[in-house]
Amino acid sequence: MNTTDNPLKKLIVSNLYNRYSGILSLSDIPLFLMDTDGEILLELIPFPDFCRYMCMESESKVCPEYKERLDNKLDGSFVCQYGLENISLPINLDGDTYGYIAGLQVYTKETEYKKHMINIESLNNEKNLDLEFIAKLISALKVADLDKINIHQQLCQHIAKNISLDLSQTLRSDSPNMTLLSIEKDMLEKKIIDLEAKNNSLVINPHFLFNTLNCIARIAYFEKSHTTEELIYCLSDLLRYNLKQSDQLHTIASEIDNIEKYLYIQKARFKNRIQYTIDVADKIKSFRIPNMVIQPIVENAIVHGITPKRDGGQIHIKGELSNNTILISISDNGNGFNKDAIDKINNSEKISGLGFSCTDKRLKKYYGDSYGLSIEKSDYSGSTVSITIPV
(Lines give C-alpha, C1' and ligand atoms only; values in the text may rest on other atoms or scores of the structure.)
Protein backbone atom coordinates (compact mmCIF):
# COMPACT_ATOMS: atom_id res chain seq x y z
CA MET A 1 0.00 0.00 0.00
CA ASN A 2 1.59 3.26 -1.15
CA THR A 3 2.21 5.77 1.64
CA THR A 4 0.62 8.69 -0.20
CA ASP A 5 -2.83 7.09 -0.37
CA ASN A 6 -2.56 4.94 2.75
CA PRO A 7 -5.69 5.50 4.92
CA LEU A 8 -3.51 4.94 8.00
CA LYS A 9 -2.39 8.55 7.53
CA LYS A 10 -5.98 9.71 8.01
CA LEU A 11 -6.10 7.86 11.32
CA ILE A 12 -2.88 9.58 12.42
CA VAL A 13 -4.34 12.96 11.53
CA SER A 14 -7.38 12.09 13.64
CA ASN A 15 -5.24 11.72 16.78
CA LEU A 16 -4.30 8.06 16.88
CA TYR A 17 -1.79 8.67 19.69
CA ASN A 18 -4.33 10.31 22.00
CA ARG A 19 -6.72 7.45 21.39
CA TYR A 20 -4.27 4.87 22.71
CA SER A 21 -2.41 7.00 25.27
CA GLY A 22 -4.19 5.22 28.14
CA ILE A 23 -2.98 1.73 27.30
CA LEU A 24 0.42 2.99 26.11
CA SER A 25 1.10 3.93 29.73
CA LEU A 26 1.26 0.19 30.47
CA SER A 27 4.64 -0.08 28.77
CA ASP A 28 7.86 1.85 28.21
CA ILE A 29 9.11 -0.56 25.53
CA PRO A 30 9.43 0.93 21.99
CA LEU A 31 6.35 0.73 19.77
CA PHE A 32 5.72 2.35 16.39
CA LEU A 33 3.42 2.30 13.37
CA MET A 34 4.91 1.87 9.89
CA ASP A 35 3.59 1.39 6.37
CA THR A 36 4.43 -1.54 4.11
CA ASP A 37 7.44 0.32 2.67
CA GLY A 38 9.05 0.73 6.07
CA GLU A 39 8.24 4.42 6.49
CA ILE A 40 7.55 5.27 10.13
CA LEU A 41 4.11 6.86 10.31
CA LEU A 42 3.97 7.34 14.08
CA GLU A 43 6.39 6.69 16.93
CA LEU A 44 4.12 5.79 19.85
CA ILE A 45 6.91 4.88 22.30
CA PRO A 46 10.38 6.12 21.23
CA PHE A 47 13.06 3.97 19.62
CA PRO A 48 16.30 3.26 21.48
CA ASP A 49 18.93 5.81 20.47
CA PHE A 50 21.13 2.87 19.48
CA CYS A 51 18.67 1.84 16.75
CA ARG A 52 18.24 5.45 15.67
CA TYR A 53 21.97 6.07 15.18
CA MET A 54 23.26 2.62 14.24
CA CYS A 55 20.52 0.87 12.29
CA MET A 56 17.73 3.02 10.86
CA GLU A 57 18.14 4.25 7.28
CA SER A 58 16.83 7.69 8.28
CA GLU A 59 14.72 9.40 10.96
CA SER A 60 11.58 8.17 9.19
CA LYS A 61 12.77 4.83 7.76
CA VAL A 62 13.20 1.51 9.56
CA CYS A 63 16.42 -0.52 9.53
CA PRO A 64 17.33 -2.83 6.60
CA GLU A 65 16.40 -5.93 8.64
CA TYR A 66 12.83 -4.70 9.08
CA LYS A 67 12.73 -3.67 5.41
CA GLU A 68 13.85 -7.10 4.24
CA ARG A 69 11.10 -8.74 6.32
CA LEU A 70 8.51 -6.33 4.88
CA ASP A 71 9.65 -7.13 1.33
CA ASN A 72 9.23 -10.85 2.07
CA LYS A 73 5.87 -10.25 3.84
CA LEU A 74 7.19 -11.70 7.10
CA ASP A 75 5.69 -10.73 10.46
CA GLY A 76 5.81 -11.89 14.08
CA SER A 77 8.77 -12.02 16.47
CA PHE A 78 12.40 -12.02 15.41
CA VAL A 79 15.86 -11.30 16.81
CA CYS A 80 18.00 -8.71 15.02
CA GLN A 81 21.72 -8.93 14.28
CA TYR A 82 22.53 -7.29 17.63
CA GLY A 83 20.45 -9.79 19.62
CA LEU A 84 17.49 -7.47 20.31
CA GLU A 85 13.98 -8.91 20.48
CA ASN A 86 11.63 -7.41 17.87
CA ILE A 87 8.03 -7.84 16.77
CA SER A 88 5.93 -6.65 13.84
CA LEU A 89 2.21 -7.36 13.49
CA PRO A 90 0.24 -6.61 10.32
CA ILE A 91 -2.76 -4.29 10.11
CA ASN A 92 -5.00 -6.20 7.72
CA LEU A 93 -8.36 -5.55 6.13
CA ASP A 94 -10.05 -7.75 3.51
CA GLY A 95 -6.81 -9.59 2.76
CA ASP A 96 -4.77 -6.39 2.25
CA THR A 97 -1.99 -5.24 4.55
CA TYR A 98 -1.97 -1.48 5.19
CA GLY A 99 0.90 -1.33 7.66
CA TYR A 100 2.43 -2.82 10.78
CA ILE A 101 2.55 -2.24 14.52
CA ALA A 102 6.12 -3.01 15.53
CA GLY A 103 8.62 -2.53 18.34
CA LEU A 104 10.22 -4.19 21.41
CA GLN A 105 13.96 -3.68 20.67
CA VAL A 106 14.98 -5.03 24.08
CA TYR A 107 17.04 -7.86 25.51
CA THR A 108 15.68 -10.54 27.79
CA LYS A 109 17.68 -11.38 30.92
CA GLU A 110 18.85 -14.53 29.15
CA THR A 111 20.13 -12.61 26.10
CA GLU A 112 21.51 -9.51 27.86
CA TYR A 113 25.05 -10.85 27.40
CA LYS A 114 24.72 -10.16 23.65
CA LYS A 115 24.89 -6.41 24.25
CA HIS A 116 28.45 -6.90 25.51
CA MET A 117 29.36 -8.75 22.30
CA ILE A 118 28.57 -5.81 20.00
CA ASN A 119 31.73 -4.79 18.14
CA ILE A 120 32.17 -1.11 19.04
CA GLU A 121 35.29 -0.73 16.89
CA SER A 122 33.41 -1.98 13.83
CA LEU A 123 30.53 0.45 14.44
CA ASN A 124 33.05 3.25 14.94
CA ASN A 125 34.59 2.56 11.53
CA GLU A 126 31.21 2.19 9.86
CA LYS A 127 29.39 5.18 11.39
CA ASN A 128 32.36 7.45 12.20
CA LEU A 129 30.99 8.21 15.66
CA ASP A 130 32.85 8.62 18.93
CA LEU A 131 33.65 5.31 20.63
CA GLU A 132 32.44 6.55 24.00
CA PHE A 133 29.19 7.75 22.45
CA ILE A 134 28.57 4.32 20.89
CA ALA A 135 29.31 2.64 24.23
CA LYS A 136 26.71 4.87 25.91
CA LEU A 137 24.11 3.96 23.29
CA ILE A 138 24.75 0.26 23.90
CA SER A 139 24.64 0.60 27.69
CA ALA A 140 21.24 2.35 27.41
CA LEU A 141 19.62 -0.62 25.63
CA LYS A 142 16.89 -2.03 27.83
CA VAL A 143 16.54 -5.46 29.41
CA ALA A 144 12.96 -6.60 30.07
CA ASP A 145 11.37 -9.49 31.96
CA LEU A 146 9.45 -12.03 29.87
CA ASP A 147 6.20 -11.01 31.62
CA LYS A 148 6.72 -7.42 30.50
CA ILE A 149 7.56 -8.53 26.95
CA ASN A 150 4.41 -10.69 26.82
CA ILE A 151 2.25 -7.77 27.97
CA HIS A 152 3.84 -5.56 25.32
CA GLN A 153 3.17 -8.14 22.62
CA GLN A 154 -0.47 -8.32 23.69
CA LEU A 155 -0.65 -4.53 23.54
CA CYS A 156 0.66 -4.67 19.97
CA GLN A 157 -1.94 -7.29 19.03
CA HIS A 158 -4.84 -5.31 20.47
CA ILE A 159 -3.71 -2.03 18.92
CA ALA A 160 -3.24 -3.71 15.51
CA LYS A 161 -6.76 -5.20 15.69
CA ASN A 162 -8.28 -1.92 16.82
CA ILE A 163 -6.57 0.00 14.01
CA SER A 164 -7.89 -2.59 11.54
CA LEU A 165 -11.41 -1.88 12.83
CA ASP A 166 -10.82 1.86 12.60
CA LEU A 167 -9.69 1.37 9.00
CA SER A 168 -12.83 -0.60 8.29
CA GLN A 169 -14.98 2.22 9.64
CA THR A 170 -13.01 4.78 7.65
CA LEU A 171 -13.23 2.88 4.36
CA ARG A 172 -16.72 1.41 4.74
CA SER A 173 -18.64 3.89 6.88
CA ASP A 174 -21.87 2.96 5.10
CA SER A 175 -21.40 -0.79 5.44
CA PRO A 176 -24.35 -2.85 6.84
CA ASN A 177 -21.81 -4.78 8.93
CA MET A 178 -21.05 -1.77 11.14
CA THR A 179 -23.07 -3.16 14.05
CA LEU A 180 -21.03 -6.37 14.00
CA LEU A 181 -17.79 -4.37 13.81
CA SER A 182 -18.88 -2.22 16.75
CA ILE A 183 -19.54 -5.33 18.86
CA GLU A 184 -16.14 -6.75 17.94
CA LYS A 185 -14.52 -3.44 18.83
CA ASP A 186 -16.24 -3.41 22.22
CA MET A 187 -14.88 -6.89 22.85
CA LEU A 188 -11.35 -5.75 22.02
CA GLU A 189 -11.65 -2.77 24.34
CA LYS A 190 -12.78 -5.09 27.14
CA LYS A 191 -9.71 -7.23 26.49
CA ILE A 192 -7.55 -4.13 26.85
CA ILE A 193 -9.19 -3.38 30.20
CA ASP A 194 -8.43 -6.96 31.26
CA LEU A 195 -4.84 -6.45 30.13
CA GLU A 196 -4.59 -3.30 32.28
CA ALA A 197 -5.88 -5.29 35.25
CA LYS A 198 -3.30 -8.00 34.58
CA ASN A 199 -0.54 -5.37 34.48
CA ASN A 200 -1.76 -3.86 37.75
CA SER A 201 -1.73 -7.28 39.38
CA LEU A 202 2.04 -7.36 38.85
CA VAL A 203 2.43 -4.35 41.14
CA ILE A 204 3.19 -5.16 44.77
CA ASN A 205 0.82 -3.67 47.33
CA PRO A 206 2.84 -0.77 48.84
CA HIS A 207 1.55 -1.40 52.40
CA PHE A 208 2.77 -4.99 52.20
CA LEU A 209 6.12 -3.77 50.85
CA PHE A 210 6.64 -1.18 53.62
CA ASN A 211 5.58 -3.57 56.39
CA THR A 212 7.99 -6.19 55.05
CA LEU A 213 10.87 -3.72 54.83
CA ASN A 214 10.25 -2.50 58.36
CA CYS A 215 10.14 -6.09 59.59
CA ILE A 216 13.49 -6.83 57.92
CA ALA A 217 14.94 -3.62 59.41
CA ARG A 218 13.92 -4.70 62.92
CA ILE A 219 15.55 -8.10 62.38
CA ALA A 220 18.74 -6.31 61.25
CA TYR A 221 18.58 -4.17 64.41
CA PHE A 222 18.37 -7.19 66.73
CA GLU A 223 21.18 -8.85 64.78
CA LYS A 224 23.23 -5.65 65.27
CA SER A 225 23.50 -5.11 61.50
CA HIS A 226 23.10 -1.35 61.81
CA THR A 227 24.26 -0.47 58.30
CA THR A 228 21.75 -2.89 56.82
CA GLU A 229 19.04 -1.47 59.09
CA GLU A 230 19.80 2.10 57.96
CA LEU A 231 19.78 1.09 54.28
CA ILE A 232 16.39 -0.60 54.63
CA TYR A 233 14.85 2.41 56.37
CA CYS A 234 16.29 4.71 53.68
CA LEU A 235 14.83 2.52 50.95
CA SER A 236 11.46 2.41 52.69
CA ASP A 237 11.36 6.21 53.05
CA LEU A 238 12.50 6.65 49.45
CA LEU A 239 9.76 4.41 48.09
CA ARG A 240 7.13 6.09 50.28
CA TYR A 241 8.17 9.52 49.01
CA ASN A 242 8.20 8.36 45.38
CA LEU A 243 4.62 7.11 45.73
CA LYS A 244 3.32 10.50 46.83
CA GLN A 245 1.01 12.20 44.35
CA SER A 246 3.04 13.87 41.60
CA ASP A 247 0.59 16.79 41.29
CA GLN A 248 1.35 18.01 44.81
CA LEU A 249 4.05 20.45 45.88
CA HIS A 250 6.51 19.52 48.62
CA THR A 251 9.09 21.59 50.44
CA ILE A 252 12.59 21.77 49.03
CA ALA A 253 13.73 20.40 52.41
CA SER A 254 11.73 17.18 51.92
CA GLU A 255 12.95 16.86 48.33
CA ILE A 256 16.56 17.22 49.46
CA ASP A 257 15.99 14.76 52.32
CA ASN A 258 14.75 12.27 49.73
CA ILE A 259 17.83 12.86 47.58
CA GLU A 260 20.11 12.29 50.59
CA LYS A 261 18.50 8.89 51.17
CA TYR A 262 18.83 8.04 47.48
CA LEU A 263 22.52 8.98 47.44
CA TYR A 264 23.14 7.12 50.72
CA ILE A 265 21.87 3.93 49.06
CA GLN A 266 23.93 4.54 45.92
CA LYS A 267 27.01 5.22 48.05
CA ALA A 268 26.52 1.88 49.82
CA ARG A 269 26.24 0.23 46.43
CA PHE A 270 29.19 1.86 44.65
CA LYS A 271 31.43 2.53 47.70
CA ASN A 272 34.20 5.03 46.95
CA ARG A 273 33.29 5.29 43.26
CA ILE A 274 30.63 7.87 44.17
CA GLN A 275 31.21 10.96 46.31
CA TYR A 276 28.62 13.66 46.86
CA THR A 277 28.06 16.99 48.61
CA ILE A 278 24.80 18.84 49.22
CA ASP A 279 24.85 22.58 49.88
CA VAL A 280 21.34 24.03 50.03
CA ALA A 281 20.71 27.36 51.75
CA ASP A 282 18.40 27.11 54.76
CA LYS A 283 16.37 30.14 53.62
CA ILE A 284 15.05 28.30 50.53
CA LYS A 285 14.18 24.98 52.21
CA SER A 286 10.65 26.05 53.14
CA PHE A 287 9.72 26.91 49.54
CA ARG A 288 7.74 24.34 47.59
CA ILE A 289 8.60 22.33 44.52
CA PRO A 290 6.97 19.37 42.70
CA ASN A 291 8.20 16.08 44.12
CA MET A 292 10.66 13.92 42.22
CA VAL A 293 12.17 16.68 40.06
CA ILE A 294 15.72 16.46 41.41
CA GLN A 295 16.11 12.68 41.63
CA PRO A 296 15.86 11.99 37.84
CA ILE A 297 18.69 14.47 37.26
CA VAL A 298 20.86 12.96 40.01
CA GLU A 299 20.07 9.47 38.74
CA ASN A 300 21.14 10.38 35.20
CA ALA A 301 24.33 11.94 36.55
CA ILE A 302 25.13 8.61 38.20
CA VAL A 303 23.99 6.26 35.42
CA HIS A 304 25.19 8.19 32.35
CA GLY A 305 27.96 10.35 33.79
CA ILE A 306 29.74 8.67 36.68
CA THR A 307 29.29 4.88 36.61
CA PRO A 308 30.79 4.51 33.09
CA LYS A 309 33.99 6.09 34.44
CA ARG A 310 36.51 3.65 35.76
CA ASP A 311 37.26 5.62 38.92
CA GLY A 312 33.73 6.94 39.46
CA GLY A 313 33.16 10.59 40.24
CA GLN A 314 31.51 13.30 42.30
CA ILE A 315 28.07 14.91 42.45
CA HIS A 316 27.48 18.35 43.92
CA ILE A 317 23.98 19.69 44.63
CA LYS A 318 23.69 23.40 45.37
CA GLY A 319 20.61 25.48 46.15
CA GLU A 320 20.58 29.24 46.50
CA LEU A 321 18.42 32.34 46.20
CA SER A 322 19.25 34.91 43.51
CA ASN A 323 17.11 37.89 42.44
CA ASN A 324 13.82 36.39 43.65
CA THR A 325 14.66 33.15 41.84
CA ILE A 326 15.57 29.85 43.45
CA LEU A 327 18.39 28.10 41.61
CA ILE A 328 19.12 24.43 42.25
CA SER A 329 22.08 23.02 40.33
CA ILE A 330 23.25 19.41 40.03
CA SER A 331 26.86 19.07 38.87
CA ASP A 332 29.00 16.03 38.20
CA ASN A 333 32.45 15.34 36.81
CA GLY A 334 31.27 12.49 34.61
CA ASN A 335 31.36 11.99 30.86
CA GLY A 336 28.73 14.57 29.89
CA PHE A 337 25.94 14.31 27.33
CA ASN A 338 26.43 14.19 23.60
CA LYS A 339 25.46 17.30 21.56
CA ASP A 340 22.39 15.66 20.01
CA ALA A 341 21.01 14.78 23.45
CA ILE A 342 21.56 18.35 24.64
CA ASP A 343 19.75 19.78 21.60
CA LYS A 344 16.80 17.48 22.18
CA ILE A 345 16.62 18.30 25.87
CA ASN A 346 16.79 22.04 25.21
CA ASN A 347 14.03 21.66 22.62
CA SER A 348 11.88 19.72 25.15
CA GLU A 349 12.00 16.54 23.10
CA LYS A 350 11.56 13.17 24.76
CA ILE A 351 14.73 11.10 25.05
CA SER A 352 14.56 7.47 26.02
CA GLY A 353 16.18 6.90 29.41
CA LEU A 354 16.31 10.61 30.39
CA GLY A 355 13.56 12.20 32.46
CA PHE A 356 14.47 15.80 31.58
CA SER A 357 11.63 16.64 29.19
CA CYS A 358 8.95 15.47 31.62
CA THR A 359 10.62 17.29 34.54
CA ASP A 360 10.89 20.53 32.57
CA LYS A 361 7.22 20.37 31.55
CA ARG A 362 6.13 19.77 35.15
CA LEU A 363 8.10 22.79 36.37
CA LYS A 364 6.70 25.01 33.61
CA LYS A 365 3.20 23.80 34.41
CA TYR A 366 3.50 25.14 37.98
CA TYR A 367 5.67 28.21 37.50
CA GLY A 368 5.40 29.33 33.87
CA ASP A 369 7.60 29.15 30.77
CA SER A 370 10.27 31.43 32.26
CA TYR A 371 11.26 28.68 34.69
CA GLY A 372 12.20 25.02 34.44
CA LEU A 373 15.22 22.91 33.66
CA SER A 374 18.29 23.74 31.60
CA ILE A 375 21.73 22.28 30.88
CA GLU A 376 24.32 24.87 31.83
CA LYS A 377 27.33 22.80 30.87
CA SER A 378 28.07 19.35 29.46
CA ASP A 379 31.40 18.13 28.15
CA TYR A 380 33.99 15.51 28.99
CA SER A 381 34.73 17.29 32.26
CA GLY A 382 31.14 16.75 33.44
CA SER A 383 27.66 18.26 33.38
CA THR A 384 25.70 20.90 35.24
CA VAL A 385 21.90 20.82 35.11
CA SER A 386 19.94 23.66 36.72
CA ILE A 387 16.39 24.03 38.00
CA THR A 388 14.93 27.52 38.39
CA ILE A 389 11.68 28.36 40.20
CA PRO A 390 10.28 31.66 41.46
CA VAL A 391 10.22 32.64 45.13
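In which helix is Ser-164 found? Ser-164 belongs to helix H7, which spans residues 146–171. The legends below describe a predicted model, in which local features need pLDDT of at least 70 and side-chain atom pairs count only at pLDDT 80 or more, whereas totals for chains, interfaces and linings use all residues. Residues are numbered from 1 along each chain as its sequence is written, and side-chain values use heavy atoms, with hydrogens and water left out.

**View 1. Surroundings of Ser-164 in helix H7.** Helices (H or I, at least four residues) and strands (E, at least two) are DSSP runs, numbered from the N terminus. Ser-164 has a relative accessible area of 13% and is buried; buried means under 20% relative accessible area, exposed over 50%, and partly exposed in between (1.4 Å probe, protein chains only). When neighbours within four places in sequence are set aside, Ser-164 is in contact with Ile-91, Asn-92 and Leu-93, contact meaning heavy atoms within 4.5 Å.

**View 2. The salt bridge between Lys-148 and Asp-28.** The closing N-to-O distance of this side-chain pair is 3.0 Å. Lys-148 lies in helix H7, and Asp-28 in the loop between helix H2 (16–24) and strand S1 (31–34), so the pair ties together parts that are 120 residues apart in sequence. Both partners are partly exposed: Lys-148 has a relative accessible area of 36%, and Asp-28 one of 37%. A salt bridge is a side-chain nitrogen of Lys or Arg within 4 Å of a carboxyl oxygen of Asp or Glu. The structure holds 13 such salt bridges.

**View 3. A salt-bridge network that includes Asp-49 and Arg-52.** The side chains of Asp-49 and Arg-52 meet at 3.8 Å, N to O. These residues are 3 apart in helix H3, and are therefore separated by about one helical turn. An α-helix has 3.6 residues a turn, so residues three or four places apart point the same way. Asp-49 is partly exposed at 22% relative accessible area, whereas Arg-52 is buried at 14%. Salt bridges link Asp-49 and Arg-52 in a network with Glu-43 and Glu-59.

**View 4. The salt bridge between Lys-318 and Asp-279.** The closest N and O atoms of the pair are 3.5 Å apart. Because Lys-318 lies in strand S9 (residues 313–322) and Asp-279 in strand S7 (residues 274–280), the salt bridge ties together parts that are 39 residues apart in sequence. Lys-318 is partly exposed, with a relative accessible area of 29%; Asp-279 is also partly exposed, at 39%.

**View 5. The open sheet and helix H4.** Five strands form an open antiparallel sheet in the order S2-S1-S5-S4-S3; two strands pair if DSSP finds at least two bridges between them. Strand S2 (40–45) and strand S3 (76–79) stand at the edges with a single partner strand each, so one side of each is left without a neighbour in the sheet. On average, neighbouring strands are turned by 20° against each other, direction ignored. Strand S4 (residues 85–93) and strand S5 (residues 96–106) pair in the antiparallel sense over 9 bridges, and the bridge partner of Leu-89 in S5 is Ile-101. Helix H4 (residues 64–71) packs on the sheet, where it touches S1, S3, S4 and S5, and its direction makes about 140° with that of S3. Axes are lines fitted to C-alpha atoms, for helices over the stretch in contact, and angles run from 0 to 180 degrees between N-to-C directions.

**View 6. Helix H6 and its cover.** Within helix H6 (residues 131–139), Phe-133, Ile-134, Lys-136, Leu-137 and Ile-138 are buried. The elements covering these residues include helix H3 (49–54), helix H5 (120–127) and helix H12 (295–306). At the start of H6, a side-chain oxygen of Asp-130 reaches to within 3.0 Å of the backbone nitrogen of Glu-132.

**View 7. Cysteine Cys-63.** A disulfide is a pair of cysteine sulfur atoms within 2.5 Å, and by this rule the count comes to 0. Cys-63 is in no disulfide, as the nearest cysteine sulfur, that of Cys-55, is 5.8 Å away. Cys-63 is buried at 14% relative accessibility.

**View 8. Tyr-221 in helix H9.** Helix H9 covers residues 206–222 and contains Tyr-221. The residue Tyr-221 is partly exposed, with a relative accessible area of 37%. Not counting residues up to four places away in sequence, Tyr-221 touches His-226 and Glu-229.

Terms used:
Polar contact = N/O pair within 3.5 Å; in protein donor to acceptor, adjacent residues only side chain to side chain.
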